[in-house]
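Reader: I have some time to go through this one with you, residue by residue where it helps. Could you bring the structure up before we start?

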Amino acid sequence: MISVALSYGKGSALKCQANGHAGFSKKGQDIVCSAVTVLLRTAAEVLSHTENVSLIFDAPDRGIISFEASAKSEKTETKIQIECIGDFLRTGLKALTKEFPENVILMEE
């Protein structure tokens with residue numbers, strides 16, 4: 001099972017950590033693992049190109065992805081962008097937990 005911890009809200013920070021493997025299919029062919037990976041890596045990639053956002057990203061091994069984004073300034077626009085990425089992740093991950101409840105769990109902090 002993939003366990004994803006997501007923390008964000010109105011403000012200037014977003015944290016996400018995913019651990020594990022979905023176990024839905026064989027390694028390299030698991031659509032659930034792929035879906036979670038695409039959501040997290042796309043969110044991190046967008047944040048890495050967002051002005052005034054500091055991003056710390058780590059994916060040391062298969063089955064482990066974590067990142068933390070924070071606003072470098074007090075600009076309202078930057079905070080809104082971070083919050084929107086958090087909403088994107090929450091929506092996508094919640095959809096996966098509904099469709100694949102035995103393979104993905106979302107813990108919101």
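Reader: Let me start with a single side chain: is I85 buried or exposed?

Author: This is a predicted model, and in it I85 has a relative accessibility of 12%, so it counts as buried, the cut-off being under 20%.

Reader: Which element does I85 lie in, and what is I85 in contact with, leaving aside its neighbours within four places in sequence?

Author: I85 lies in helix α2, and once those sequence neighbours are left aside, I85 is in contact with L14, A43, V46 and L47.

Reader: How far apart are the C-alpha atoms of I85 and E99?

Author: Although I85 and E99 are 14 residues apart along the chain, their C-alpha atoms are separated by 21 Å.

Reader: Let's step back to the whole chain. How many helices and strands are there, and in what order do the elements run from the N terminus on?

Author: The chain has 2 helices and 5 strands, and starting at the N terminus they follow the order β-β-α-β-β-α-β.

Reader: What is the radius of gyration, and what would a compact globule have?

Author: The chain has a radius of gyration of 14 Å, and because a compact globule with 109 residues would be near 13 Å, the value agrees with that expectation. Along the principal axes, the C-alpha trace spans about 45 × 25 × 15 Å.

Reader: And what percentage of the residues count as buried?

Author: Of the 109 residues, 34% count as buried. As for the surface, the chain exposes about 6,500 Å², with carbon and sulfur atoms supplying 51% of that area.

Reader: What share of the contacts with a separation of 6 or more comes from residues 24 or more positions apart?

Author: Residues 24 or more positions apart account for 56% of those contacts in the chain.

Reader: Do you have a specific pair or two in mind, on the subject of separation in sequence and in space?

Author: T37, which is found in helix α1, is one to look at, since the C-alpha atoms of T37 and I65 are separated by 8.2 Å while the two residues are 28 residues apart along the chain. T37 itself counts as partly exposed, at 31% relative accessibility. Another pair is S48 and A69, which are 21 residues apart in sequence and 8.6 Å apart in space, C-alpha to C-alpha.

Reader: Where does S48 lie, and what does S48 count as in terms of accessibility?

Author: S48 also lies in helix α1, and at 39% relative accessibility S48 counts as partly exposed.

Reader: Switching to charges, how many positive and negative side chains are there, and how many salt bridges does the count come to?

Author: There are 12 positive and 14 negative side chains, and the centres of the two sets lie 1 Å apart. The count comes to 2 salt bridges. Side chains of opposite charge can pair when their charged atoms come close.

Reader: Which residue meets K79 in a salt bridge?

Author: The partner of K79 is E74, with N to O at 2.7 Å. K79 is partly exposed, with a relative accessible area of 23%, whereas E74 is exposed, with 62%.

Reader: And which residue forms a salt bridge with R90?

Author: That is E108, and the closest N and O atoms of the pair are 2.5 Å apart. The pair links distant parts of the chain, as E108 sits in strand β5 (residues 104-108) and R90 in helix α2 (residues 76-99), 18 residues apart. E108 is partly exposed, with a relative accessible area of 40%, and R90 counts as partly exposed as well, at 31%.

Reader: One last topic, the backbone: what is the phi of N52, and where does N52 lie?

Author: N52 has a positive phi of about 70 degrees, although it is not a glycine. Most residues other than glycine have a negative phi. N52 lies in the loop between α1 (31-48) and β3 (53-61), and N52 is partly exposed, with a relative accessible area of 22%.

Conventions: Residues are numbered from 1 along each chain as its sequence is written. This is a predicted model: local features need pLDDT of at least 70, side-chain atom pairs count only at pLDDT 80 or more; totals for chains, interfaces and linings use all residues. Side-chain values use heavy atoms; hydrogens and water are left out. Helices (H or I, at least four residues) and strands (E, at least two) are DSSP runs, numbered from the N terminus. The radius of gyration is taken over C-alpha atoms; the globule rule is 2.2 Å times the number of residues to the power 0.38. Buried means under 20% relative accessible area, exposed over 50%, partly exposed in between (1.4 Å probe, protein chains only). Contact means heavy atoms within 4.5 Å. Accessible areas come from the Shrake-Rupley method with a 1.4 Å probe; for residues, only the protein chains shown count as cover. Lys and Arg count as positive and Asp and Glu as negative; His and the chain ends are not counted. The place of a charge is taken as NZ of Lys, CZ of Arg, CG of Asp or CD of Glu. A salt bridge is a side-chain nitrogen of Lys or Arg within 4 Å of a carboxyl oxygen of Asp or Glu.
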